[in-house]
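These are my notebook entries on a structure that is new to me. I record what I looked up, one topic at a time.

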Amino acid sequence: MTPDERWLAAVWPFVRASLPPAPASVVEIGCGPLGGFVPRLESAGYEAAGVDPEAPQGSAYRQVEFERYDLPGQVDAIVACTSLHHVADLGTALDTVEAALVPGGVAVVVEWARERFDEATARWCFARLPEANDDHPGWLHHRQAEWHESGQSWDAYLRSWEQVEGLHAGQAILDELDARFDSGPATYRPFFFPELADTSEADEQAAIDSGLIQANRIQYAGRRRSHRP
């Protein structure tokens, strides 16, 4: 199982539990080349579409950025899994999500709280990296190599990388979501385990519970308001 497949399998129970009953209409933003949750959504009886420039071929997919996708009408739910922290304009992207949902429609968001990626968490991850694939090294391999080459402290390196990549902090994403949707508190869960060798979600959760590392995965589900407050 690839890291992406492990990730989808781990996150699917939260996504499924947060959605309205099938056959609701669901759009997934940033489904990626594997098609994201769309196959699972279709198997569960949903009317599903995946939107991503790198989406697979097929009638359920649209190879375009979500901001440029012309929805045929409002939908019952939108799923965004690690697709918001790198959008150019977070507010505009979430305005588009809000407008695409029917009143009371559900936004299901799984994100990265990159501000929680402290040095202790990074070192814990780097100590568990599998052997690097020279053709396709993982993103954590890249971070480890760049950090060592930079000669900077972890905090300084991470700040410079975030600025270059234009990454949004997890709390900034939550603040923008809370301005548009009604929800309970977000929860935090393991994030890195799919990329690590011989490390399960339970292993990462145990390290979080013991205070060795921070939980980096945000899970959020909110409903569109009829009117802005």
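Entry on the cysteines. I began with C81, which is buried, with a relative accessible area of 6%. I noted that the model is a predicted one. I then looked for a bonding partner and found that C81 is in no disulfide, the nearest cysteine sulfur being that of C31, 11 Å away. I looked up C31 as well: this residue is buried, with a relative accessible area of 6%. From the side of C31, the closest cysteine sulfur is that of C81, and 11 Å is too far for a bond, because a disulfide requires the sulfur atoms to lie within 2.5 Å. My search of the whole structure returned zero disulfides.

Entry on two helices. I turned to α5 (residues 139-150) and α6 (residues 154-165), whose axes come within 10 Å and cross at roughly 120°. The two helices are therefore oblique to each other. I recorded the crossing of α5 and α6 as right-handed. On the α5 side the contact is made by W139, H142, R143, E146, W147 and S150, and on the α6 side by W154, Y157 and W161. I sorted these residues of the contact into five nonpolar, two polar and two charged.

Entry on E201. I placed E201 in helix α8, which spans residues 201-209. Is E201 buried or exposed? I found E201 partly exposed, with a relative accessible area of 27%. Leaving aside residues up to four places away in sequence, I listed A10, P190, F193 and R217 as the residues that E201 touches. Lastly, I compared E201 with S150: they are 51 residues apart along the chain, and their C-alpha atoms are separated by 30 Å.

Methods
Residues are numbered from 1 along each chain as its sequence is written. This is a predicted model: local features need pLDDT of at least 70, side-chain atom pairs count only at pLDDT 80 or more; totals for chains, interfaces and linings use all residues. Side-chain values use heavy atoms; hydrogens and water are left out. Axes are lines fitted to C-alpha atoms, for helices over the stretch in contact, and angles run from 0 to 180 degrees between N-to-C directions. Helices (H or I, at least four residues) and strands (E, at least two) are DSSP runs, numbered from the N terminus. Angles under 35 degrees count as roughly parallel, over 145 as roughly antiparallel, 65 to 115 as roughly perpendicular and the rest as oblique. A crossing is left-handed if the near helix is turned anticlockwise from the far one by less than a right angle, and right-handed if clockwise. Contact means heavy atoms within 4.5 Å. Ala, Val, Leu, Ile, Met, Phe, Trp, Tyr, Cys and Pro count as nonpolar, Asp, Glu, Lys and Arg as charged, and the others, Gly among them, as polar. Buried means under 20% relative accessible area, exposed over 50%, partly exposed in between (1.4 Å probe, protein chains only).
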